[in-house]
Amino acid sequence: MNSETFEMYRRPTSLVLPELVSLGMFITSESRLGGERRDGTTGLEIGFLEHGIVEWWNGEELEEAEPPSVLIDPPGDWQGGASAIVHPCTRYWLRFEFPDQGELPGVSRSTTLALRHSFDSIDRHFFPGDPSLAKLFVQLLDQQRQPGIFAEELSRALFHQILVMVLRNFEMVANEVSSPQIAAAKAYLADNYRMKVHIQDVAALAGYSVGHFHEVFLREVGLSPLQFQLKQRISQAKRALISTDSHITDIALDLGFSSSQYFSTAFRKVVGLTPAAYRQIRTTRRA
């Protein structure tokens with residue numbers, strides 16, 4: 001049974017900060033398609049994915065945001081985008097508008113223009129975010145639930161912290177470069193996702209001992225080598241389920257799973273849906 005928590009505050013009546021369009025939190029235990037926004041399409045949305053997965057399919061490429069991630073949706077976009085599936089997750093968001101004239105309350109005109117330029121330069125749906133962003137969103141929501149003395153001033157300070165932290169997170173990601181050893185290991189695992197790979201061989205390719213390789217790979221990638229390879233398999237499975245009519249058993253065996261049952265169990269553990277249910281929800285979007 002699906003369980004959902006949807007909490008939203010929006011202008012002009014219920015928001016402490018007049019510069020915000022909306023602020024909210026969404027928790028769901030079931031996958032759902034992206035849809036039209038309940039708060040309209042005005043303003044830039046900054047979201048934070050604390051738990052779960054959000055994915056996009058543009059007809060050729062599959063993109064998947066995993067926690068902790070910042071989600072960026074431009075004005076006019078659907079909830080996560082028209083091609084999105086929101087899997088069981090916990091997500092926070094705020095929407096705001098840069099003024100055509102003047103400045104954001106609490107900052108100068110030059111800073112407002114610099115912030116606007118920086119957000120206009122973000123060219124991704126999502127990128128890794130600092131886990132402490134969740135705490136900032138919760139504190140901002142607390143000010144909406146029970147506004148007390150100086151609630152507007154505290155809310156504005158929290159809002160500005162979120163803006164700056166998001167931009168710093170994006171700058172770090174944009175400048176991030178994997179070590180050549182781990183980049184080579186990732187390429188090998190991605191190219192051989194159908195095979196049962198021996199970690200000793202991949203560690204040797206990277207020039208590390210098994211223990212050190214596992215430590216460095218986990219630090220740089222955020223997943224163990226085996227988790228990374230499983231993610232590649234599941235992503236390829238999603239593509240096959242979306243773009244072909246192949247039988248699920250054939251897809252499972254082609255991807256190197258020992259049986260369709262094992263494939264379904266692994267797929268559901270990662271995605272939150274069985275392969276058949278995933279194909280059905282994606283077919284619904286195509287229709």
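# Exercises on salt bridges, sheets and helix packing

At 27% relative accessibility, Lys 231 counts as partly exposed, a class that lies between buried (under 20% relative accessible area) and exposed (over 50%), computed with a 1.4 Å probe and protein chains only. The model is predicted, so local features need pLDDT of at least 70 and side-chain atom pairs count only at pLDDT 80 or more, while totals for chains, interfaces and linings use all residues. Residues are numbered from 1 along each chain as its sequence is written, and side-chain values use heavy atoms, with hydrogens and water left out.

## Exercise 1. The partner of Lys 231

Identify the residue with which Lys 231 forms a salt bridge, and state which parts of the chain are tied together.

Step 1. A salt bridge requires a side-chain nitrogen of Lys or Arg within 4 Å of a carboxyl oxygen of Asp or Glu. Lys 231 satisfies this with Glu 66, at 3.5 Å from N to O.

Step 2. Lys 231 belongs to helix 7, whereas Glu 66 is in the loop between strand 6 and strand 7, so the salt bridge ties together parts 165 residues apart in sequence. Helices (H or I, at least four residues) and strands (E, at least two) are DSSP runs numbered from the N terminus.

Step 3. Glu 66 is also classed as partly exposed, at 26% relative accessibility.

Step 4. The loop that follows strand 6 (62–65) and precedes strand 7 (69–73) also holds Pro 68. A cis peptide bond links Pro 67 to Pro 68, with omega about -5°.

## Exercise 2. Two further salt bridges

Describe the pairs Glu 45–Arg 91 and Arg 145–Asp 142, giving the location and exposure of each.

Step 1. In the first pair, the closest N and O atoms of Glu 45 and Arg 91 are 3.3 Å apart. Glu 45 is in strand 4 (residues 44–51) and Arg 91 in strand 9 (residues 89–96), so this pair ties together parts 46 residues apart in sequence. Both Glu 45 and Arg 91 are buried.

Step 2. In the second pair, the N-to-O distance between Arg 145 and Asp 142 is 2.7 Å. Arg 145 and Asp 142 both belong to helix 2 and are 3 residues apart, about one turn of the helix. An α-helix has 3.6 residues a turn, so residues three or four places apart point the same way. Arg 145 is partly exposed at 36% relative accessibility, and Asp 142 is partly exposed at 35%.

Step 3. Elsewhere, salt bridges with shared partners connect Glu 55, Glu 64, Lys 238 and Arg 282 into one network. The structure holds 15 salt bridges.

## Exercise 3. The sheet of 4 strands and helix 7

Give the strand order of the open sheet of 4 strands, and determine which of its strands helix 7 touches.

Step 1. The order is 3-8-5-6, with antiparallel pairing; two strands pair if DSSP finds at least two bridges between them. Strand 3 (32–33) and strand 6 are at the edges with a single partner strand each, so one side of each lacks a neighbour in the sheet.

Step 2. Strand 5 (residues 54–57) runs antiparallel to strand 6 and is joined to it by 4 bridges. Trp 56 has Glu 63 in strand 6 as its bridge partner.

Step 3. Helix 7 packs on this sheet and touches strand 5 and strand 6, its direction making about 130° with that of strand 6. Contact means heavy atoms within 4.5 Å; axes are lines fitted to C-alpha atoms, for helices over the stretch in contact, and angles run from 0 to 180 degrees between N-to-C directions.

Step 4. Helix 7 comprises residues 225–243. Its buried residues include Phe 228, Ile 234, Lys 238 and Leu 241.

## Exercise 4. The sheet of 6 strands and helix 3

Which strands form the edges of the open sheet of 6 strands, and which strands does helix 3 lie across?

Step 1. The strand order is 1-2-9-4-7-10, with antiparallel pairing. Strand 1 (4–10) and strand 10 (126–128) are the edge strands, each pairing on one side only. The twist averages 15° from one strand to the next.

Step 2. Strand 4 and strand 9 run antiparallel and are joined by 7 bridges; Ile 46 has Leu 94 in strand 9 as its bridge partner.

Step 3. Helix 3 lies across strand 2 (20–28), strand 4, strand 7, strand 9 and strand 10, at about 85° to strand 10.

Conventions: The expected span of a helix is 1.5 Å times one less than its number of residues.
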